[in-house]
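These are my notebook entries on one structure. I looked up a few places in turn and wrote down what I found.

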Amino acid sequence: MYHRVTDKPGGTDDRTPAQFRAELERLASENYVPITAAEYVSGKIDIPAGTHPVVLTFDDSSPSQLTLDAMGTPQPNTAVGILLDVSKKHPGFRPVATFYVIRDMFGKFTPEERAQVLGWLRDNGFDIGNHTRDHLNLLGKSEKEVTEQIAAGQKLISDLDKKVQVHTLALPYGNQPRNKQWALHGSANGVRYDYQGVFLAGYTPAPSPFTKEFDPVGLPRIRSMDKKGDCVKFCSTAWLDELKEHPDERYTSDGNPTTVAFPKFKAPFVAKSVTTKALPY
Ligand SMILES: [Zn+2]
């Protein structure tokens, strides 16, 4: 989970361009391959055998994530510019990610400029998700308030670009509404939403979508940060170290998106829906 990628980090969520680049380089060198949140929740994990999926998500649609020049080329020091560059150096490292957008649409104010940025993301294989329109805390809110905010976020996206398909939502501050299902399905003011996954803001690796543990109403994410302060254990550097030390805890692709291969010993944890594609070994 990334927020801003900036030379002047303002808070505990921001990363500098150098830190962001170093983390992508580490992921590439440890055989992680990016997939989108939409691919993850639908179990479409089409990456080479022996590699591990990673979902890169960006919250709050800030200009530090994507700013295009007058010809529609991403500025090199934005998150997208850096991701494209790292991917060029590591050809197996797919340049894909999911952007959870809100009303501050990459710092653009006119509908035309906003549509340019969303259209660029869609045209280039990036995934766009809903982060609600106004980024309000949904904790303890009524069903009406919750569904209105989510539907308004959905409308914000589809009014700008009708071709964008939104498959997932990231909850502001990671806070779930009183009824967790309100975040997944609902409608307000004539706008209906039906998502396949809702993401939180903390702080463990997400389970394989083929396990019983996978719960679409509350999918964990890991904050990108070094091992310091409250990130000694539960942010990206710590988790990457942990997963490197315990490779059996990682999802490793069998290279075939139509099968789910797993050690027989793990069979009790496999979701019932997997049976037809299951390949225990
Ligand atoms: Zn946010």
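**Entry 1: a loop threonine**

I began with Thr-204, which lies in the loop between strand 9 (197-199) and helix 6 (231-234). Helices (H or I, at least four residues) and strands (E, at least two) are DSSP runs, numbered from the N terminus. I noted that this is a predicted model, in which local features need pLDDT of at least 70 and side-chain atom pairs count only at pLDDT 80 or more, while totals for chains, interfaces and linings use all residues. Residues are numbered from 1 along each chain as its sequence is written, and side-chain values use heavy atoms, with hydrogens and water left out.

Is Thr-204 buried or exposed? Neither, because its relative accessibility of 28% makes Thr-204 count as partly exposed. Buried means under 20% relative accessible area, exposed over 50%, and partly exposed in between (1.4 Å probe, protein chains only). Not counting residues up to four places away in sequence, I found Thr-204 touching Pro-220, Arg-221, Ile-222 and Trp-239. Contact means heavy atoms within 4.5 Å. I also looked up Phe-234, which is 30 residues from Thr-204 in sequence and 6.5 Å from it in space, C-alpha to C-alpha.

**Entry 2: the zinc ion**

Which protein donors does the zinc ion have? I listed Asp-60 (OD), His-131 (NE2) and His-135 (NE2), lying 2.0 to 2.1 Å from the ion. Donors are N, O and S atoms within 2.8 Å of the metal (3.2 Å for Na, K and Ca); water is not among the atoms, so sites may look incomplete. Along the chain the donors follow the spacing D-x70-H-x3-H. Asp-60 lies in the loop between strand 3 and helix 3, and His-135 in the loop between strand 5 (127-130) and helix 5 (143-160), so this pair ties together parts that are 75 residues apart in sequence.

I then checked the accessibility of these two donors. Asp-60 counts as partly exposed because its relative accessibility is 22%. His-135 is buried, with a relative accessible area of 16%. The phi of His-135 is positive, about 55°, although His-135 is not a glycine.

**Entry 3: two buried loop residues**

Leu-66 is found in the loop between strand 3 (57-59) and helix 3. Its relative accessibility is 1%, so Leu-66 counts as buried. Leaving aside neighbours within four places in sequence, the contacts of Leu-66 are Pro-74, Thr-78, Val-80, Phe-106, Val-117, Trp-120 and Leu-121. I compared the position of Leu-66 with that of Glu-30: they are 36 residues apart in sequence and 26 Å apart in space, C-alpha to C-alpha.

One of those contacts, Phe-106, was my next stop. Phe-106 lies in the loop between strand 4 and helix 4. Phe-106 is buried, with a relative accessible area of 2%. Its phi is near 55°, a positive value in a residue other than glycine.

**Entry 4: helix 4 and helix 5**

Does the span of helix 4 agree or disagree with 1.5 Å a residue? The 13 residues should span 18 Å, and the end C-alpha atoms are 18 Å apart, which agrees. The expected span of a helix is 1.5 Å times one less than its number of residues. The buried residues of helix 4 are Arg-114, Val-117, Leu-118, Gly-119, Trp-120 and Leu-121. Their cover includes helix 3, strand 4, strand 5 and helix 5. Gly-125 follows helix 4 and has a positive phi near 80°.

Helix 5 has 18 residues and reaches 26 Å from its first C-alpha to its last, close to the 26 Å expected. Its buried residues include Val-146, Ile-150, Gly-153 and Leu-160. Among what covers the buried residues of helix 5 I noted helix 4 (111-123) and strand 6 (168-170).

**Entry 5: helix 1 against helix 3**

Two packed helices are described by the angle between their axes and the distance between the axes. Helix 1 (residues 17-29) and helix 3 (residues 79-89) pack at about 35°, with their axes 10 Å apart. Axes are lines fitted to C-alpha atoms, for helices over the stretch in contact, and angles run from 0 to 180 degrees between N-to-C directions. Helix 1 contributes Pro-17, Phe-20, Arg-21, Leu-24 and Glu-25 to the contact, and helix 3 contributes Ala-79, Ile-82, Leu-83, Asp-85, Val-86 and Lys-89.

Last, I looked just past the end of helix 1: Asn-31 follows, with a positive phi near 65°.
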